[in-house]
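Colleague: Could you walk me through one part of this model in detail? I'd like the sheet, what packs on it and the core around it.

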Amino acid sequence: MKREATEFSPEYRLLFEQSPAMCLVVLPDADLTIVAASDAYLRATRTRREELYGRPIFDAFPDNPEDAHATGVGNVRASLSRALATKKPDPMPVQKYDIPRPEAEGGGFEERYWSPIHTPVLSPEGEVRYLLQQVDDVTEVVRLTQHREEDRVALKALQQAEATRRALRESEERLRRVVEASGTGTFEVNVSTREVVADARYRELSGLSPDEPFTMEKGFALIHPEDRPRVARAVDEALAGKNGGHYQAEYRTVPLSHGAMRWMEARGQARFGPDGKAVHLWGTGIDITARKTAEAERERLLEAIAAQPALGVALFQGPDLVIQMANAFYHALTGHRDILGKPLLEALPEVRDQSFVPILDRVMRTGEPYVGREVLIRWDRHADGKLDDGYFHFIYQPVRGPDGDVEAVLTLGQEVTDVVRARQEAERYARAQRERSDFEQQLIGIVSHDLRNPLSAILLGTTALARREDLDERSTKAVMRIQSSAERAVRMVKDLLDFTQARLGGGIPVVPRPLDLHDLTWQVMEEVRASFPERDLVVTAQGNGQGAWDADRMAQVVTNLASNALKYGTPDTPVSVRTRGDGDQVELEVHNRGAPIPPESLGRLFQPMQRASSRGDTAGRSVGLGLYIVDRIVQAHGGTITVKSTEAEGTTFTVRLPRLAPGSAA
């Protein structure tokens, strides 16, 4: 029986029903009762309001495994539960749906790809009043991606076929060796008898024994049933002379004896007799399972990036910057206008004279990536003709095709309008008061929480990806480069935060706890050793290392001094780290060989923006605050730090600490 859904205001329902977006509103009750649906949602799902209003959502859209339309309902159920429990938006990956066609259109089902997100609507008291399901139809984007991949594979097959023909002309023996080395199998089909002669590698890939009879019918039987018609059509077209008799296909095999299924890529060439009819079909086959797995993983990664609720993702293709893809966040920024498939200046005419458009053009022409910070953009967010200002961090990344030419530009944008405006207000106040220097104001702006959050997300994502064993070498290197860059940025942010705390907050706070400095130093140096496996590190300890210090801050001191010694010391000489307990104090000593610190630099070594050498930070690790922060941490513990540097003896930093730091319990 349908429930009367009176909880949703009729005025709001009328406004919501006319929304151009695909949206559904449900109550957060036990049945998740539907109270409103937009016209776009009804058209997309082929339903009527009287079929939905007042009904539980999973009564209106049942979770029936035999119903093609219900694919993914279990995922929707889980996503709604998470949004209700966390009170936060819950985006879902792209889902495939089979939508029934009306009988007037021939009936049957239409394959669509949707990207749903479930958002809780909270009351002033913070309770969930409604759950909003918003759906973006990304079918065209998915199909475009599939078509581009088919074109790329076809071009690659033509290039490889040409390389094979050249190898055949040079030497039959050389071809045999190349084929064996590449893991490629070969076959030859007698068209009149339909018998197949295949080498051992091709039989192995197909799951055939060495002596098993092989015919064209047997070969088709070894292909996955879903791929079999497409492969048969490609063979028939080649034998009929289409595309010059060239044959190419990718397909899955039926499960082999051990239960595994392979992806195969086969390509070949028909030879024709005097009468123009095909006589033979020569071809090769290769296992592309690893490549297909990597491609699927890249697609999932792109979908995960596009599904980020606070990250605008769009793909601009060709010299006209045609918008081929835009995620939900980007659509929201543009007022949910119909922008896909349109040139940028046609879809968003208000940006014509703005600064970022020439930058996009330059990236498309030159292939050089661009990173923009706090770019001012004025656009019609609500599609009402009024322009709103917004500030964004942007990354413009060129996307190259198989021939190396730039085909598109992928943009990633994060809105920082609130952060920028807050900083601008702080800067105006600072100028009026004249209490802080311009330099300190810039650091406060840089070290905002909005910078650390995306870095943490990048590190979590790259760490998860780096653990995967199915990434190819190129993808692994790219992930490690991203991870390394993010880690350096996190270290810089941490140094800047400490500097701001030390300069403006009255010093770096420490929380002393019982600690053995010998054990802490040994643990930290093991971590440093993992980052510098090629360097010789000597760690020694003497006496009693017990005391009361802040473990995290002391680990920061040891890491910074040891890293400086490794960075500026002579690479083929050891770096020694020694801790020694004597009476009521404990010493930490870090020594390295190499060029001495210039005498004129020793006096300002522990000041901000100073380094131990004029050579600079070639690794790009810091902004020159490390020794300043070390000095402030040591002072906060009631200790001292000194440095001695000569040509003959090398450079030694010595930290002396009382066993009980100020503020520690007796």
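Modeller: First, a term: two strands count as paired if DSSP finds at least two bridges between them. Keep in mind that this is a predicted model. The part to look at is an open sheet of 5 strands, ordered β18-β20-β21-β23-β22, with mixed pairing. At its edges sit β18 (537-542) and β22 (640-646), each pairing on one side only. Ignoring direction, neighbouring strands here are turned by 10° against each other on average.

Now zoom in on β21 (residues 585-592) and β23 (residues 650-658): they pair in the antiparallel sense over 8 bridges. Glutamate 587, for instance, has arginine 656 of β23 as its bridge partner.

Then come the helices. α19 (residues 517-531) lies across β18, β20 (575-582) and β21, and runs at about 175° to β18. Over β22 and β23 you'll find α22 (residues 626-636), running at about 140° to β22.

As for the core, nonpolar side chains tend to be buried together in soluble globular proteins. The largest nonpolar core in this model has 38 residues, and Met525, Trp549, Val557, Leu561, Leu588, Phe653 and Val655 have the most contacts inside it. Elements giving two or more residues to this core include α19, β20, β21, α22 and β23, but α20 gives the most, with 8 residues.

Have a look at leucine 588 too: beyond its neighbours within four places in sequence, its contacts include Thr521, Val557, Leu561, Val577, Phe653 and Val655.

Methods: Residues are numbered from 1 along each chain as its sequence is written. This is a predicted model: local features need pLDDT of at least 70, side-chain atom pairs count only at pLDDT 80 or more; totals for chains, interfaces and linings use all residues. Side-chain values use heavy atoms; hydrogens and water are left out. Helices (H or I, at least four residues) and strands (E, at least two) are DSSP runs, numbered from the N terminus. Axes are lines fitted to C-alpha atoms, for helices over the stretch in contact, and angles run from 0 to 180 degrees between N-to-C directions. Contact means heavy atoms within 4.5 Å. A nonpolar core is a set of buried Ala, Val, Leu, Ile, Met, Phe, Trp, Tyr and Cys residues joined through side-chain atoms within 4.5 Å. Buried means under 20% relative accessible area, exposed over 50%, partly exposed in between (1.4 Å probe, protein chains only).
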